[in-house]
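Student: I have a new structure open and no idea where to begin. Can we go through it together?
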Amino acid sequence: MKKIIAAMAALVAAQAAIAADGKLVDTTYGEFGSASKVRMGRLGATQDWKPSWSWFESNGTHLTGYWDASVGYWQLRQYKNVPGDKSHLVDIGFTPVFRFENTNKLGLYAEIGIGAHLLSHHYDNNDDGLSTAFQFGDHIGIGYVFNKNWEIALKMQHFSNGSIKKPNSGVDYGVLKLAYRF
């Protein structure tokens, strides 16, 4: 528990250190993910990169990005490969995300990110194992911004420790995201 609190404090400090325009949070979001015998819910906050961090501007589009801090809850539904045995874990993550979008931030976008995640304990579920609490979490997604405030996205998320230690079968989620921009 002390590790989780320390990681949360580090995430808050990192967010405060990178705030470019005095706003700590630009967007908050909720996500729901599903994989084989596991479900995930996540809450997060993002902070846009500085406006000067924009590349490939052309025809009203550009490549930019944001910092993403999140806390998730995973419900394991076949813990230690025992049918019906359940467990859970907490996931704290920090991810830099690249986003290709319209310069007015409306309409369709695509994004990709890879970040660091800390799990409250090792993942052992449905014959899959992640032998370390530290995990890389990468995703690719598409979304749509309806107005300046609401967006929805579909993502594929992968967790793995990068073969730091075995077992490392990885976990893949299909994720639905709903976000509100301030």
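Student: How many helices and strands are in the protein chain?
Tutor: The protein chain has one helix and 11 strands. Helices (H or I, at least four residues) and strands (E, at least two) are DSSP runs, numbered from the N terminus. This is a predicted model, in which local features need pLDDT of at least 70 and side-chain atom pairs count only at pLDDT 80 or more, while totals for chains, interfaces and linings use all residues. Residues are numbered from 1 along each chain as its sequence is written, and side-chain values use heavy atoms, with hydrogens and water left out.

Student: What order do the elements run in?
Tutor: From the N terminus on, they run α-β-β-β-β-β-β-β-β-β-β-β.

Student: And how many of the 182 residues count as buried, in percent?
Tutor: The figure is 43%. Buried means under 20% relative accessible area, exposed over 50%, partly exposed in between (1.4 Å probe, protein chains only).

Student: What about contacts between residues far apart in sequence?
Tutor: Of the contacts with a separation of 6 or more, 60% are between residues 24 or more positions apart. Contact means heavy atoms within 4.5 Å.

Student: New topic: pockets. What volume does the largest pocket have?
Tutor: About 300 Å³. On a 1 Å grid over the protein atoms alone, a pocket is an open set of points with protein on both sides within 12 Å along at least five of seven lines, a cavity is a set of points where a 1.4 Å probe fits but cannot get out, and lining residues have an atom within 4 Å of a point. Grid points are joined across faces, edges and corners, and a volume is the space filled by probe spheres set on the points.

Student: Which residues are closest to the centre of that pocket?
Tutor: Of the 21 residues that line the largest pocket, Asp26, Asp48, Trp49, Lys105 and Arg181 are the closest to its centre. Strands S2 (38–48), S4 (61–76), S5 (87–102) and S11 (171–181) each give two or more residues to the lining. S4 gives the most, with four.

Student: What classes do the lining residues fall into?
Tutor: The lining of the largest pocket has four nonpolar, six polar and 11 charged residues. Ala, Val, Leu, Ile, Met, Phe, Trp, Tyr, Cys and Pro count as nonpolar, Asp, Glu, Lys and Arg as charged, and the others, Gly among them, as polar.

Student: How many cavities are there of 30 Å³ or more?
Tutor: A search of the whole structure finds two. The largest cavity holds about 60 Å³ of space, and its lining includes Tyr29, Glu31, Arg42 and His139. S5 gives the most to this lining, with three residues.

Student: And the second largest cavity, what lines it?
Tutor: Its volume is about 30 Å³, and Trp150, Glu151 and Arg181 are among the residues that line it. Here S11 gives the most, with three residues.

Student: Back to single residues. Is Glu111 buried or exposed?
Tutor: Glu111 is buried, because its relative accessible area is 4%. Glu111 lies in strand S6 (residues 107–119).

Student: Which side chains does Glu111 have polar contacts with?
Tutor: The Glu111 side chain has a polar contact of 3.0 Å with that of Tyr66 and another of 3.1 Å with that of Arg99. A polar contact is a pair of N or O atoms within 3.5 Å; within protein, one must be able to donate a hydrogen and the other to accept it, and residues adjacent in sequence count only if both atoms are side-chain atoms.
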